[in-house]
Amino acid sequence: MASGVQEGDHYTFTSTVAAKASVLQFTLGQEFVTNYGYGDDRQAKGIARRDGNRIILQGKGGESETTVVYSIDDEGFDAVFNGPNGATATRRYRRLS
């Protein structure tokens, strides 16, 4: 399950899977620090920008860089995760009625 809240340029994305919740908060154009739900003390820094209906997060943790692109539409949003070594994952989140 996932949800998102926008207040001006500040966003909060929450996702829950199998009794584990992850919260990502950021303000467009400002550096943020997150643990990306690793479940331990590892942290990553990132910056977010908006391009039309897309929010693009570019982050770096340790030696690896990750880009996440959220494409938002009336039915929900897609999240495309581009990680190190060319790894890619796509998730589709639908709005609850």
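Let me start with Gln 58, which stands opposite Thr 67 in β7. This is a predicted model, so to speak of a position here is to speak of a prediction. The pairing around that spot is between β6 and strand β7, residues 64-73, and it is antiparallel over 8 bridges.

Now the other neighbour of β6. Strand β6 covers residues 54-61, and 7 bridges join it to β5, again with the two running antiparallel. In that pairing, Gly 46 stands opposite Gly 59 in β6. The hairpin of β5 and β6 has 2 residues between the strands, and Gly 52 there takes a positive phi near 65°.

Stay with Gly 46 for a moment. What is the bridge partner of Phe 32 in β5? The partner is Gly 46. So much for the residue; now the strands. Phe 32 lies in β4, residues 32-34, and β4 pairs with β5, residues 44-51, in the antiparallel sense over 3 bridges.

A general point on pairing: strands of a sheet pair through backbone hydrogen bonds, either parallel or antiparallel.

Next, the whole sheet. In what order do the strands come? The order is β4-β5-β6-β7-β8-β9, which makes 6 strands in an open sheet with antiparallel pairing. At the edges are β4 and β9, the latter being 88-94, and each of them pairs on one side only. From one strand to the next, the twist averages 25°.

To go back to the start, Gln 58 and Thr 67 face each other across the β6 and β7 pairing, and that pairing has 8 bridges.

Technical notes:
Residues are numbered from 1 along each chain as its sequence is written. This is a predicted model: local features need pLDDT of at least 70, side-chain atom pairs count only at pLDDT 80 or more; totals for chains, interfaces and linings use all residues. Side-chain values use heavy atoms; hydrogens and water are left out. Two strands pair if DSSP finds at least two bridges between them. Helices (H or I, at least four residues) and strands (E, at least two) are DSSP runs, numbered from the N terminus. Axes are lines fitted to C-alpha atoms, for helices over the stretch in contact, and angles run from 0 to 180 degrees between N-to-C directions.
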